[in-house]
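Here are my notes for anyone opening this one for the first time. Have the viewer ready and follow along point by point.

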Amino acid sequence: VADNRCWSCGVCCQSKQDLQSHLHPSVNTKDVKLLLDDDKYLNPFMQEDSLLYSFDGGEEGEDECNTSFEKEEIVKDFGSVCIDDDDTAEETELNAEIYNKDKKTVMACPNGHLSLASSSKRITENGMDYGESARSVESDPKDKQSRVFIADVVEKDIKKINDSYFGSYSSFGIHRDMISDKIRTDAYRQALLKNPSLLNGAVVMDVGCGTGILSLFAAQAGASRVISIEASEKMATVATQIAKDNGLWRSKTDSEGNKSCTGVIEVVNCMVEDLDKSIPIQPHSVDILVSEWMGYCLLYESMLSSVLFARDRWLKPGGAILPDTATIFVAGFGKGGTSLPFWENVYGFNMSYIGKEVVEDAAKFPIVDIINHHDLVTNAAVLQSFDLATMKPDEVDFTATAELEAKNDTLDHKATACYGVVLWFETGFTSRFCKEMPTVLSTSPYTPKTHWSQTILTFREPISVASSKFTAEGSAAVGTDACPASKILLRISIAHATQHRCIDISLETAGVGSDGRKHSWPVQMFNLT
């Protein structure tokens with residue numbers, strides 16, 4: 001419960017009885033504590049994020065038509081908090097209840113909220129904390145037992161998601177798609193093969209090796225040892241066989257001094273966080289850390305946290321990490337980036353009624369698809385940059401701002417509609433480590449497409465934009481055809497979602513007219529699952 005509203009449905013609850021009606025019948029009313037206006041029980045993602053409040057709300061010159069929003073609306077937009085664990089239903093006991101429905105599990109506990117910080121022990125995965133050690137002053141033993149139970153549920157949930165995640169990479173089709181992505185594979189190949197001063201005689205660690213293609217490149221480039229880490233049991237077996245088939249496998253006897261063998265690759269089946277439990281390895285003994293960790297919108301799959309863990313644990317001081325930079329970009333797209341043009345002319349028939357509904361639905365979910373650069377109606381701007389050699393693990397989640405301006409070269413000072421924003425990323429193999437041949441891997445709409453595509457966030461309503469030379473009509477609301485915005489101000493947060501390996505994206509938008517007036521729109525929440 002937050003501000004009298006049920007987390008699950010966002011409906012206002014005036015009493016325990018009201019709240020009870022929103023929970024599974026197995027939850028006793030006496031176990032439900034109604035918490036009124038207590039911010040510490042808000043979703044942690046919302047609690048600490050200044051993004052969730054409008055741009056300079058009381059600023060002079062604010063458009064009178066400004067749409068207000070409240071935290072209650074945000075809670076409702078997030079939807080239910082879910083834990084995918086079909087096996088936990090049989091373990092429901094104490095004062096914690098589990099309700100399974102279509103593989104979605106809603107948890108209710110005596111303290112009335114679902115924050116993982118209520119766990120009675122610290123849960124760490126991929127370098128991220130999923131619960132603080134409880135220092136409860138409450139004397140109720142049942143409450144303490146409930147916290148232990150919830151911690152166990154979370155641990156099982158993380159394990160189940162990890163098993164499913166790594167299991168999904170057992171499909172050879174996924175690996176064919178990734179290897180066939182020439183933009184991706186050639187960038188890594190060039191970084192590894194075209195920088196001999198970096199690779200020759202180096203100890204290399206490949207995090208999430210898959211088929212072992214990057215490990216093979218490293219061995220080919222002259223690495224003295226390649227530690228290939230793969231959490232999928234099937235793919236670890238596959239990578240081992242491929243290394244053997246190419247005469248590059250390093251057996252245990254080889255590592256003990258068989259000088260006649262040229263094999264340098266050893267495949268370890270584990271998560272990188274458990275590496276020292278699988279093989280003897282000294283901390284800070286690796287010269288180069290390489291990984292293809294990027295997901296949709298760069299951060300989906302949460303693998304970056306594992307790479308940073310490996311960096312801090314195994315990489316030598318001053319060692320190389322490939323890639324060593326990552327940057328997220330944002331730009332606004334027009335009608336051509338939606339499905340509207342398709343539905344407006346279907347074999348000569350107007351089906352735009354469908355197109356409008358499709359666009360409305362698109363405002364509820366992030367879409368991974370290709371955007372043509374001709375459909376961009378604003379400039380591109382840097383949203384966030386990461387230095388992988390120096391960043392801290394808690395800097396993976398971020399809030400950042402960006403300013404977009406209408407493209408003068410295509411709009412000819414006329415107003416056009418911006419239907420949303422598109423995100424993409426670039427990773428750099430910079431001259432810091434790749435001195436002979438630095439390179440960039442880009443997923444931009446301006447470059448050949450990759451298997452990552454781009455990530456599309458659609459506005460609830462299009463915003464009219466034009467250059468600053470456009471003459472607005474009277475006091476019309478900013479963002480309309482009569483007074484198009486000359487600038488779009490964005491504040492975007494990307495953070496780990498409650499469900500492991502997923503991300504939450506929040507989007508706040510404001511338009512600034514050529515006369516300086518501003519109009520803000522309600523925050524939008526997206527979950528990339």
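1. Let's start with Ser-464. This is a predicted model, and in it Ser-464 is buried, with a relative accessible area of 3%. Look for Ser-464 in strand E16, which covers residues 454-465.

2. What does Ser-464 touch, once neighbours within four places in sequence are left aside? Its contacts are Ala-415, Thr-416, Ala-417, Gly-479, Thr-480, Asp-481, Pro-484 and Ala-485. Asp-481 is worth a click: it sits 17 residues from Ser-464 along the chain, and the two C-alpha atoms are separated by 5.6 Å.

3. Now zoom out for the overall count. The protein has 529 residues, and 52% of them count as buried. Its secondary structure adds up to 15 helices and 19 strands. If you take contacts between residues at least 6 apart in sequence, 70% of them join residues at least 24 apart.

4. Next, the inside. In soluble globular proteins, nonpolar side chains tend to be buried together. Here the largest nonpolar core has 99 residues, and the members touching the most others are Met-205, Trp-293, Leu-299 and Val-330. Helix H8 (residues 213-220) supplies the largest share of this core, six residues. Where does the core lie relative to domain 1 and domain 2? Both domain 1 (173-322) and domain 2 (325-528) give residues to the core, so it lies between them.

5. Pick out Met-205 from that core and show its surroundings. Not counting residues up to four places away in sequence, Met-205 touches Ile-227, Ile-229, Val-272, Leu-275, Ile-281, Val-286, Ile-288, Leu-289, Val-290, Ala-310 and Trp-314. Apart from the largest core there is another, of 11 residues, including Leu-340, Ile-371, Tyr-419 and Val-422.

6. Pro-323 deserves a stop of its own. A cis peptide bond joins Leu-322 and Pro-323, with omega at about -5°. Pro-323 is in the loop between strand E9 (315-322) and strand E10 (325-333). Is Pro-323 buried or exposed? With 0% relative accessibility, Pro-323 counts as buried.

7. Staying with Pro-323, its contacts beyond four places in sequence are Tyr-188, Ser-291, Trp-293, Leu-388, Thr-427, Gly-428 and Phe-429. One of these, Trp-293, is also among the residues that touch the most other members of the largest nonpolar core. Another, Gly-428, is 105 residues from Pro-323 in sequence, yet their C-alpha atoms are 5.5 Å apart.

8. A little further on, Thr-327 is found in strand E10. Thr-327 is buried, with a relative accessible area of 15%. Leaving out residues up to four places away in sequence, Thr-327 touches Val-382, Gln-384, Ser-385, Trp-424, Phe-425 and Glu-426.

9. Two backbone oddities make a nice pair. Leu-298 is not a glycine, but has a positive phi of about 70°. Likewise, Tyr-347 has a positive phi of about 55° without being a glycine. Leu-298 lies in the loop between strand E8 (286-290) and helix H12 (304-314), while Tyr-347 is in the loop between helix H13 (340-344) and helix H14 (352-362). Check the surroundings of each: Leu-298 counts as buried at 0% relative accessibility, whereas Tyr-347 is exposed, with a relative accessible area of 81%.

10. For a helix pair, try H5 (residues 172-180) and H6 (residues 182-193). Their axes come within 5 Å and cross at roughly 70°. Crossing angles of 65 to 115 degrees count as roughly perpendicular, and that makes H5 roughly perpendicular to H6. On the H5 side the contact is made by Met-178, Ile-179 and Ser-180, and on the H6 side by Lys-182, Arg-184 and Thr-185.

11. Last stop, Arg-517. Arg-517 sits in the loop between strand E18 (503-513) and strand E19 (518-528). Why does Arg-517 count as buried? Its relative accessible area is 18%, and buried means under 20%. What does the side chain of Arg-517 reach? Follow it to the backbone oxygen of Ala-476, at 2.8 Å.

Note on methods: Residues numbered from 1 in each chain as written. Predicted model: local features only at pLDDT ≥ 70, side-chain atom pairs only at ≥ 80, totals over all residues. Heavy atoms only, no water. Core = buried A, V, L, I, M, F, W, Y, C linked by side-chain atoms within 4.5 Å. Buried < 20%, exposed > 50% of the residue type's maximum accessible area, 1.4 Å probe, protein only. Helix = DSSP H or I, 4+ residues; strand = E, 2+ residues; numbered from the N terminus. Domains from an automatic or database assignment. Contact = heavy atoms within 4.5 Å. Polar contact = N/O pair within 3.5 Å; in protein donor to acceptor, adjacent residues only side chain to side chain. Axes fitted to C-alpha atoms, helices over the stretch in contact; angles between N-to-C directions. Parallel < 35°, antiparallel > 145°, perpendicular 65-115°, else oblique.
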